[in-house]
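Colleague: Before we plan anything at the bench, could you take me through this model? I would like to put my questions one at a time.

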Amino acid sequence: MGTMLQSKGLSPGERPDLYSVTHPDIVTQINRAYVEAGSELICTNTFGTNAKKLEGSGYSVRDIVFAATACARKACEGTHSRVMLDIGPIGEMLVPAGTLEFEEAYSVFREIVVAGEEAGADLILFETMTDLYEVKAGVLAAKENTNLPVLASMTFEENGRTFTGCCIESMVATLEGLGVDGLGINCSLGPVEVFPLARRMCEVASLPVFIKANAGLPDPGSGVYNISAQQFCEEMKEYKALGVAAIGGCCGTTPDYVRLLAASFRGVVIQQKVSVRKSVVCSAIKAVTVDRVTVIGENINPTGKKRLKEALRNGNMDYLLEQAIAQEKAGAKVLDVNVGLPEIDEVSMMVSAIKAIQSVSNLPLQIDSTRVDVIEAGLRVYNGKPIVNSVNGEQAVLDQLLPICKKYGAAVVGLTLDEKGIPTSAEERFIIAEKIVNEAAKHGLTREDVYIDCLTLTASAQQEDVKETLDALKMVKERLGVRTVLGVSNISFGLPNRQQINTSFLTLALAHGLDMPIINPLSEPMMASIASFNVLYNYDEQAKEYLECYAGTTPPVENQDTEMSLQDAVLQGLKKPAAMAARRALKTLKPEDIVNGMLIPALDIVGNDFEKGTCYLPQLLQSANAAVEAFDVLKTHLEALGQEDVKKDKILVATVKGDIHDIGKNIVKTILANYGYQVIDLGRDRSPEQIVKAAVEHRVRLVGLSALMTTTLGAMKETILALREAGIACEVMVGGAVLTPEYAAFIGADYYAKDAKASVDIAKKVLG
Amino acid sequence: MILTEMIILEDVYRRLGYPVDNKPDEYTCQKINEVMDQVMKTAAIRSIKKEFTVISLEPFLTGKDIDRHLVHCHKCLLIAATLGSQIDTLIRKASVSDMNEAVIMDAVTSILIEGVVEEFEALVRDEYHQQGLYVTSRFSPGYGDFPITVQNELLRLLDAGRKIGLYATPTHILTPRKSITAVCGISTQPVTGHLAGCDTCALESVCQNKKEGNTCARSSIKIQQNVDHGWRHGNHVAKQGIISR
């Protein structure tokens, strides 16, 4: 459409979408040219039509959608051609890359699709998309607010990824799950370059696949596409063998291209694609096929974890993220996320946790809760195809959860228990598993997406039943052909040297057909057991992975105690010696005295050197890292004694509305935390309301605000004003590159913090 | 061009706050190398350019400084480049587990995108030179009195979202974060452009560089738009968007 409009007089800076209102005849004429060329599906001229892009144009989304649909309808008159409501990217990046919230993206799309259906479009087409999360918002908006069929097409580079990193397998798994009617690839490349990508898509997709390639590649200078209609058509012939359901052209193509295509493909019977269904879960970036032992990390679950509970109560997302990253580094392939604590708002915590974890980790997640509302809220904001943990054989649970899993396209864990509890025998557990698989099928979930958990019982209490779990596992795997999942660690509850029992049980379970052990991936013996299993069962061919991991390594010997003082360790930024020195110090001193008498004085020295310019930022932060190791030792010590942590006052930090610079704020947070302050980090792009709310909630006496741009200083001023108007008895410190002490005073801040060191000095002054 | 060659280590040191001729300690140097490896594996560098007549861009070329820069130019070139959004994820991830690594990564990627644009600009200049035309140095929104509010329009004119996945927030911050947009003038006579001085810079009163008696236009320090300095870390500044040579 764009190509054609430009040939009809649209100038480069002009918005093509407005032409449907200002020059409806031209738009209809172009639509008609495609119908006459043989297009059975034509696009409305609405690629850039959304509330964000139309802002300031003087037209509403409705105006444009109605005008464009009318043009297309008119062009189809008297033919069998149908009208697709064409929807392109919103034009802003979603959080975390940008500032557009998922929920807002949903609203933007809802406005378009509702207007489109009312205006008389036959189908909805999302195309040229690069962000899977944005497509999900669009597809949900379309499915929930219209009855139209939905097609979704993304644009890939030659490496098979979109600009935001989404891969073909993730796109297919996610969008098939969400219930679109067709999947496609368009734009970016010509037929030759798209071909291998199309083949990949056809291999993994069960839905119809459509392709709209560009007319080759653009000339870097002139931007003109390099292949003719004949060439295009010739190159597209290859696609017949793939079994694609529909073809067309994108940038650079014209009705001439379509005319040749239509002639060439006329009468071609679409081959039934034979795609092999696999068990796939994914984030946008990473698709995991469960065809090997796939470790699910269990550490984000507050049960029995004091520090995680505390982090959840304080909304300390950083602690969760640390756990996520540590598990990923240790080799987990999926992360279980359970944030259930009776005293917190589990729904909003699940939403925040999923968004935050997905902003730093590409691993697929398993959404774990006993509450349906929590699971649904989590599924809604999840980017990709997750696992739901869990349903069981209880009819009411199945009836409630399976439709939700189906709607959001999730895989689901089924526990072999029901109204009557956990049956003892393997046979009875198998019967429940069978019921779950059948019920899932009734709701449209295929067995590739059902993972059965035969439930681990505690060996110390029900020793005779341990073997039943293993037998059930084997039966389920062999007779139902589904994937299996099992929480392993429960086996050793109440026994000494738990890791030993856990590892042995894990090995047995793997041998009985366990696909997805839910374990602590930081447990080296358990990960080693899996690596060994893969060698022994010939999954790890020629023991390549095993050798890569273990060849040339000798079991690590802890560094000899260097006797380095805590102060020296912190000054030199050495983590292990700092931890060792802290352990030594604990033999004679109280944690509080170690903090105040050793750690803080050492940090003061580094801070002063930084201020004087004799030490630099990386050293300051490395010392901070070493101090954190020492703090961890003290925390663990106190925890073991069942005592409270050494804590100072709370400080709230945030980057203000509209600004997404947060490195500086994060440095400040790190250094303040070093001094024992409890830093509540609200993140970036935070509105005055959000900051006021948190300041009240946490009763803070000091708030730190960051802004980096001259254009966001206004938001800083508004935030300070809002804090004052709310009558909160707190002082405000501000920092950021464009600020000056004078400007800080001018916008009503109490303190100007020129750097992280200065913020500590201010905190000491205000809070002691 | 090998990517690592686009990162001038001296500039990374300076970004981290080390004074001229002052090399960081061994640990930090090693960390910088590790970070560079990670960055090279993750960066998805893309760039675009598009030519316009100066007249057609007039509504967007606001401020005295850009006018001065484009004197004697009949045409101009919009350019944009990005390291891609996975770099942002990498930095976010590092911010959680090791702030030191995050800060180093931030510095390395800032210098890298600067190097990428430098290289791109040189290529473009050569191309034009072969046609007997001259290209000024590049001038970015946020430099001098050229407001960053034009960012979104420049991206639209470049169709940067579709072509290289580059967008701006409603507050005109480029996303992915490690990205640059700029304007170069094209002339039939030799031109270099006129980089703005300190007097119109947003950071005039706090700029460490200026305190040391340098200007961005003269010193070897490269300060560019979209640089994340928060509470002025280190002893030097960022700004709402400067590009210097």
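Colleague: How many helices and strands does chain A have?

Modeller: This is a predicted model, in which local features need pLDDT of at least 70 and side-chain atom pairs count only at pLDDT 80 or more, while totals for chains, interfaces and linings use all residues. Residues are numbered from 1 along each chain as its sequence is written, and chains are lettered from A and ligands numbered from 1 in the order in which they are written. Helices (H or I, at least four residues) and strands (E, at least two) are DSSP runs, numbered from the N terminus. On that basis, chain A has 30 helices and 23 strands.

Colleague: Into which domains is chain A divided?

Modeller: Domain bounds come from an automatic or database domain assignment. Between domain 1 of chain A and domain 4 of chain A, the centres, taken over C-alpha atoms, are separated by 44 Å. The division of chain A is into domain 1 (16-265), domain 2 (286-549), domain 3 (566-641) and domain 4 (650-767).

Colleague: What radius of gyration does chain A have, set against that of a compact globule?

Modeller: The radius of gyration is taken over C-alpha atoms, and the globule rule is 2.2 Å times the number of residues to the power 0.38. For 768 residues a compact globule would be near 27 Å, which agrees with the value for chain A, 30 Å.

Colleague: Which strands are at the edges of the open sheet in chain A?

Modeller: Two strands pair if DSSP finds at least two bridges between them. The open sheet of chain A has 7 strands in the order β1-β2-β3-β4-β5-β6-β7, with parallel pairing. Pairing on one side only marks the edge strands of chain A, β1 (41-43) and β7 (246-249).

Colleague: Within that sheet, which residue of β6(A) is the bridge partner of A:I185?

Modeller: Strand β5 (residues 182-186) of chain A pairs in the parallel sense with strand β6 (residues 209-213) of chain A, over 4 bridges. In β6(A), the partner of A:I185 is A:I211.

Colleague: Which element gives the largest share of the side of chain B that touches chain A?

Modeller: Two residues are in contact if their C-beta atoms, placed from the backbone, lie within 7 Å, and here 53 residues of chain B and 58 residues of chain A take part. Elements of chain B that give two or more residues to this side are α2 (26-42), α5 (85-97), α6 (99-130) and α8 (160-164). The largest share, 9 residues, comes from α5(B).
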